[in-house]
Amino acid sequence: RQLITCTILSALVREAQLRVHLSGAKNLGIPREKIEAMLTHLAHYAGWPAAVTGMKVLNEVWPES
């Protein structure tokens, strides 16, 4: 359910709420790669600006190692 919530918040460009739920996804053990794949897929349906914003928030919450 957390991944679905992150998808919806990304599509709606709700940055503040997405930040909270991406932290939750990380704490639940959802791999960063799965979230990146979701954002790539989302770009084709919700638009690239929404996906880019989602990736920006992901990088703030969960910096790449």
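This is a short tour of the structure above, stop by stop, with something to select at each one. Keep in mind that you are looking at a predicted model.

**Stop 1: the whole chain**

Start with a cartoon of everything. You should find 4 helices and 0 strands, so the order from the N terminus is α-α-α-α, with strands absent from the list. Line the view up with the principal axes and the C-alpha atoms fill a box of roughly 25 × 20 × 20 Å. How does the radius of gyration of the protein chain compare with that of a compact globule? For 65 residues the globule would come out near 11 Å, and the protein chain has 10 Å, so the two agree.

Now switch on a surface. The protein chain exposes about 4100 Å², with carbon and sulfur atoms supplying 59% of that. Of the 65 residues, 35% count as buried. If you like contact maps, have a look at the part away from the diagonal: among contacts with a separation of 6 or more, 63% join residues 24 or more positions apart.

Colour by charge next. There are 7 positive and 5 negative side chains, and the centres of the two sets lie 8 Å apart.

**Stop 2: the nonpolar core**

Hide the surface and select Cys6, Leu18, Leu22, Ile35, Met38 and Leu58. These are the residues with the most contacts inside the largest nonpolar core, which has 17 residues. Which helices feed this core with at least two residues each? H1, H2 (15-28), H3 (32-46) and H4 (48-61) each do.

Zoom in on Leu58 and show what surrounds it. Leaving out residues up to four places away in sequence, Leu58 touches Leu22, Arg32, Ile35, Glu36, Leu39 and Pro63. Two of the names you just selected, Leu22 and Ile35, turn up in that list.

**Stop 3: along helix H1**

Go to Gln2, in helix H1, which spans residues 2-11. Is Gln2 buried or exposed? Its relative accessibility is 18%, so Gln2 counts as buried, the cut-off being under 20%. Beyond its sequence neighbours up to four places away, Gln2 touches His21, Gly24, Ala25, Leu28 and Ile30.

Slide along to Ser10, also found in helix H1. Ser10 is buried, with a relative accessible area of 2%. Show its contacts, again without neighbours within four places in sequence, and you get Leu18, Met38, Leu39, Leu42 and Ala50.

**Stop 4: the loop between H1 and H2**

Select Val13, in the loop between H1 and H2. Check its backbone torsions: what is the phi of Val13? Phi is positive, at about 55 degrees, although Val13 is not a glycine. It's a value to pause on, because most residues other than glycine have a negative phi. Val13 counts as partly exposed, at 40% relative accessibility.

Arg14 lies in the loop between H1 and H2 too. It counts as partly exposed, at 41% relative accessibility. Draw a distance from its C-alpha to that of Gly54: they are 40 residues apart along the chain and separated by 8.9 Å.

**Stop 5: the loop between H2 and H3**

Jump to Ile30, in the loop between H2 and H3. At 16% relative accessibility, Ile30 counts as buried. With neighbours within four places in sequence set aside, Ile30 is in contact with Gln2, Leu3, Ala25, Ile35 and Trp62. Gln2 from Stop 3 is among them. For Trp62, the C-alpha separation from Ile30 is 12 Å, with the two positions 32 residues apart along the chain as the sequence offset.

**Stop 6: two distances to finish**

Select Ser23, found in helix H2. Ser23 is partly exposed, with a relative accessible area of 30%. Its C-alpha is separated from that of His41, 18 residues apart along the chain, by 20 Å.

Last, pick Lys34 in helix H3. Lys34 is partly exposed, with a relative accessible area of 46%. Pair it with Gln17: the two are 17 residues apart in sequence and 19 Å apart in space, C-alpha to C-alpha.

Note on methods. Residues are numbered from 1 along each chain as its sequence is written. This is a predicted model: local features need pLDDT of at least 70, side-chain atom pairs count only at pLDDT 80 or more; totals for chains, interfaces and linings use all residues. Side-chain values use heavy atoms; hydrogens and water are left out. Buried means under 20% relative accessible area, exposed over 50%, partly exposed in between (1.4 Å probe, protein chains only). Contact means heavy atoms within 4.5 Å. The radius of gyration is taken over C-alpha atoms; the globule rule is 2.2 Å times the number of residues to the power 0.38. Accessible areas come from the Shrake-Rupley method with a 1.4 Å probe; for residues, only the protein chains shown count as cover. Lys and Arg count as positive and Asp and Glu as negative; His and the chain ends are not counted. The place of a charge is taken as NZ of Lys, CZ of Arg, CG of Asp or CD of Glu. A nonpolar core is a set of buried Ala, Val, Leu, Ile, Met, Phe, Trp, Tyr and Cys residues joined through side-chain atoms within 4.5 Å.
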